[in-house]
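Let's take a walk through this model together, one stop at a time. Keep the viewer open and turn the structure as you read.

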Amino acid sequence: METQKQFKRRFSFEFFPPKTEEGKAKLQVVRDELARRKPDFFSVTYGAGGSTQERTIDAVLNFQDQGISTAPHLSCVGSSKQEIASLLDLYKERGVNRIVALRGDLPSGMGGSAGELKYANELVEFIREHSGNHFNIEVAAYPEFHPQAPSAEEDLINFKRKVDAGSNSAITQYFYNVDSYFYFIDRVEAMGVNIPVVPGIMPITNYTNLVRFSDMCGAEIPRWIRKQLEAYGDDKASILKFGEEVVTRMCEQLIDAGAPGIHFYSMNQAEPSLKIWDNLGLSDKEKIKF
Ligand code: FAD
């Protein structure tokens, strides 16, 4: 964790673009509530293959227009270089200065071309070629390894490719095993990686959704957490309370060990992330030793 300690800590919240007018209105309330805590930036996810693209652009530009620094996620799979270039130009013109650059996943059953850029390292390279150093580029990191990686070793090598292609920092997939993050950092530091790798934190609010989501993205829910959540059944209040305690404790360990900030997967809800934020005293910059 030695190189991680040198970086200034930063805190951010991620949203997904809402589908309905009701979702949009709700997101504005959540966004304003989270903005009051003065995070370093917000980010908005992007669906590879067209599913949410217009909605992502709308949300990002709307946030930017409210004076909130917002990083669009941008995936390359299923898009041409020309499409990506136009989007980069639009974002640059509208004052966006940070991009979360991803390969993405095409929706299952969607045929057609994978696009001209196959992996995130190629996207990072393309962004640098097209926009120079305008954007601060974030990439994804997988402490428990990407589900399609042929081996743990190759996944680390592939992560380093993205760093070498010109990324400025990384955000991890969420995890509930802090050791997987510490081990990942040790391994990539030993390979010469020298960028902040910010833990992505998923508050626990719903057992069924968490299991479904974690199976898809390769995040492991430790047995003791799973068993405890299962035991609560439909008792939502106990799930929330337990989730808050577990995730707060995990964040404390990460911060104490020198993690360079936290990226909250807000799932478009304010309260679960804010409870953790307040438990950690993140509005009190002294407390977390920047
Ligand atoms: P890559 O870094 O390209 O890696 C994908 C796989 O290919 C890995 O197994 C890797 O080992 C392998 N690989 C990488 N490079 C090479 C290479 N050059 N040669 C051979 N193999 C290689 N998905 C969305 O659709 N929209 C989002 O907004 C979104 N946001 C995300 C935000 C974060 C912080 C994270 C962690 C994930 C996000 N995802 C999102 C999910 C992500 O798109 C998927 O996990 C996707 O499967 C991989 O994207 P990547 O950028 O990590 O891919």
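A good place to begin is Met267, which sits in the loop joining strand E9 (261-265) to helix H10 (271-280). Keep in mind that you are looking at a predicted model. Met267 is not a glycine, yet its phi is positive, at about 55°. Its relative accessibility is 35%, so Met267 counts as partly exposed.

Another loop offers a similar stop. Between E5 and H5 you will find Phe145, a residue other than glycine with a positive phi near 75°. With a relative accessible area of 26%, Phe145 is partly exposed.

Now turn to the ligand. There are 23 residues around it, and those that come nearest are Tyr46, Asp105, Tyr142, His146 and Asp155. By character, the shell divides into nine nonpolar, nine polar and five charged residues. Which elements supply at least two residues of this shell each? Helix H4 (120-131), H5 and E6 do, and H5 gives the largest share, with four residues.

Zoom in on individual atoms and some polar contacts appear. A nitrogen atom of the ligand has a backbone N or O atom of Tyr46 at 2.6 Å. Gly104 also takes part through its backbone, with a polar atom 3.2 Å from an oxygen atom of the ligand. Arg161 uses its side chain instead: one of its polar atoms there lies 3.5 Å from a ligand nitrogen. On its own the ligand has 970 Å² of accessible area, and the protein covers 87% of that.

From Tyr46 we can step across to Thr56, since Tyr46 is one of the residues in contact with Thr56. Thr56 belongs to helix H2 (residues 53-65). Is Thr56 buried or exposed? Its relative accessible area is 0%, so Thr56 is buried. Beyond its neighbours within four places in sequence, Thr56 touches Pro17, Val44, Thr45, Tyr46, His73 and Tyr91. Thr45 deserves a closer look, as its backbone oxygen lies 2.7 Å from a polar atom of the Thr56 side chain.

Next, follow H4, one of the elements that contribute to the ligand shell. This helix has twelve residues, so at 1.5 Å a residue it should span 16 Å, and the 16 Å between its end C-alpha atoms agrees. Its buried residues are Ala120, Asn121, Leu123, Val124, Phe126, Ile127, Arg128 and Ser131. Their cover includes strand E3 (70-75), helix H3 (81-93), strand E4 (98-102), E5 and H5. After H4 comes Gly132, with a positive phi near 55°.

Our last stop is helix H6 (residues 178-190), whose 13 residues reach 19 Å from the first C-alpha to the last, close to the 18 Å expected. The residues buried in H6 are Val178, Ser180, Tyr181, Phe182, Phe184, Ile185, Val188 and Glu189. What covers them? Strand E5 (136-141), helix H5 (152-164), strand E6 (169-172), strand E7 (197-198) and helix H9 (236-257) are among the elements that do. Just past the end of H6, Gly192 has a positive phi of about 95°.

Looking back, H5 links several of these stops: it is part of the cover over H4, part of the cover over H6, and the source of four residues in the shell around the ligand.

Methods: Residues are numbered from 1 along each chain as its sequence is written. This is a predicted model: local features need pLDDT of at least 70, side-chain atom pairs count only at pLDDT 80 or more; totals for chains, interfaces and linings use all residues. Side-chain values use heavy atoms; hydrogens and water are left out. The expected span of a helix is 1.5 Å times one less than its number of residues. Buried means under 20% relative accessible area, exposed over 50%, partly exposed in between (1.4 Å probe, protein chains only). Contact means heavy atoms within 4.5 Å. A residue is near a molecule or strand if one of its heavy atoms lies within 4 Å of it. A polar contact is a pair of N or O atoms within 3.5 Å; within protein, one must be able to donate a hydrogen and the other to accept it, and residues adjacent in sequence count only if both atoms are side-chain atoms. Accessible areas come from the Shrake-Rupley method with a 1.4 Å probe; for residues, only the protein chains shown count as cover. Ala, Val, Leu, Ile, Met, Phe, Trp, Tyr, Cys and Pro count as nonpolar, Asp, Glu, Lys and Arg as charged, and the others, Gly among them, as polar.
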